[in-house]
2 protein chains.
Amino acid sequence: MVSNIEWTTKEREVAQEIFDRAYERETGALVEEIRDKASLIAKLEDVWQLHDYLSAKRHNIDGKYDFRDAYLVFVFSQLVKEGWVELNELEDLSQDKLKKISALTRM
Amino acid sequence: MVSNIEWTTKEREVAQEIFDRAYERETGALVEEIRDKASLIAKLEDVWQLHDYLSAKRHNIDGKYDFRDAYLVFVFSQLVKEGWVELNELEDLSQDKLKKISALTRM
């Protein structure tokens, strides 16, 4: 089972770094995006649409960056799919993890 | 009881007009405010603060504009207190309603 993969302390450190970098990238992009979106607000409907968008984004980001061992390969595959992490940034992880993450990105 | 006040069809029409005008004013101001606030967004914390602010505003506005007879004097007193309606805009309502709304604004 994918969720039974063990992570060594060293691997967890590597993972944490990639994780933090992805979080910075995604949330940095969000800051820009919201500033841009908001500058185009012209009517009330736009305000409520921005609110809905922020609710969804917050829920998505809060849920996604889950650093528990059992979830890490799923989190990384998701981050790769969304473009916040490149597969080659994961090369310091063990081959079996890399293969699993890579396989999950194609699902 | 304040909530037992009866509203005639004519009064309801007057009330609806004032109500709609207040809604236009408040939501129009919100559109400007959000555009201004959003232009100052610089970091992730600002994004989540904007989200919290919008959640609170939406809840407040959705709850406030309640056109049921039993709530109208409360709604109008609240709108006067918040500055979206001037007391003199209510002068086409009956004297008893005006007195009640006016009294409620001082609570």
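Guide: Welcome! In this predicted model, contact means heavy atoms within 4.5 Å. By that rule, and setting aside residues up to four places away in sequence, Thr27(A) touches Ile61(A) and Leu44(B).

Visitor: Why is Thr27(A) called buried?

Guide: The label needs a relative accessible area under 20%. Thr27(A) has 5%, so Thr27(A) counts as buried. This residue lies in helix H1 of chain A.

Visitor: What makes the approach of the Thr27(A) side chain to the backbone oxygen of Tyr23(A) a polar contact?

Guide: The two are 2.7 Å apart. The cut-off for a pair of N or O atoms is 3.5 Å, with one able to donate a hydrogen and the other to accept it, so this pair qualifies.

Visitor: Glu26(A) is also in helix H1 of chain A. Is Glu26(A) buried or exposed, and how do you know?

Guide: Its relative accessible area is 4%, and the limit for buried is under 20%, so Glu26(A) is buried. Beyond its neighbours within four places in sequence, Glu26(A) is in contact with Lys57(A), Asn60(A), Ile61(A), Lys64(A), Tyr65(A), Leu79(A), Glu82(A) and Trp84(A). With Tyr65(A) there is also a polar contact of 2.7 Å between the side chains.

Visitor: What makes Thr105(A) count as buried?

Guide: Its value is 18%, which is under the 20% limit, so the label applies to Thr105(A) as well. Thr105(A) belongs to helix H4 (residues 95-105) of chain A. Its side chain reaches the backbone oxygen of Ser102(A) at 2.6 Å. Residues up to four places away aside, Thr105(A) touches Ser77(A), Val80(A) and Lys81(A). By contrast, its C-alpha atom is separated by 34 Å from that of Asp46(A), 59 residues apart along the chain.

Visitor: Let's turn to the two chains. How do you know which surface each copy uses where they meet?

Guide: 100% of the interface residues of chain A are also interface residues in chain B, so the copies meet through the same surface. Each side can be counted too: 22 residues come from chain A and 22 residues from chain B.

Visitor: Which three residues give chain A the most buried area against chain B?

Guide: They are Trp48(A), His51(A) and Arg58(A), which supply 32% of the area that chain A buries there. Between them the two chains bury about 2,000 Å², 73% of it on carbon and sulfur atoms.

Visitor: Why is the meeting of Arg58(A) and Asp52(B) called a salt bridge?

Guide: The term asks for a side-chain nitrogen of Lys or Arg within 4 Å of a carboxyl oxygen of Asp or Glu. Here the N to O distance between the side chains is 2.9 Å, so the pair meets the rule. The count between chain A and chain B is 2 salt bridges, and 10 residue pairs are in polar contact across the interface.

Visitor: Which elements of chain A give two or more residues to the side that touches chain B?

Guide: Helix H1 (9-39) and helix H2 (44-64) of chain A do. H2(A) gives the most, with 11 residues. The residues of that side divide into 13 nonpolar, 4 polar and 5 charged.

Visitor: What makes the relation between the two copies a two-fold one?

Guide: Chain A superposes on chain B after a rotation of 180 degrees with 0.0 Å of shift along the axis, at an RMSD of 0.0 Å. The copies are therefore related as by a two-fold rotation axis. Within chain A, Ala38(A) comes closest to that axis, its C-alpha lying at 2.8 Å.

Note on methods: Residues numbered from 1 in each chain as written. Chains lettered and ligands numbered in written order. Predicted model: local features only at pLDDT ≥ 70, side-chain atom pairs only at ≥ 80, totals over all residues. Heavy atoms only, no water. Buried area = accessible area lost by both parts, 1.4 Å probe. Helix = DSSP H or I, 4+ residues; strand = E, 2+ residues; numbered from the N terminus. Nonpolar A, V, L, I, M, F, W, Y, C, P; charged D, E, K, R; others polar. Least-squares fit on C-alpha atoms with pLDDT ≥ 70 in both. Buried < 20%, exposed > 50% of the residue type's maximum accessible area, 1.4 Å probe, protein only.
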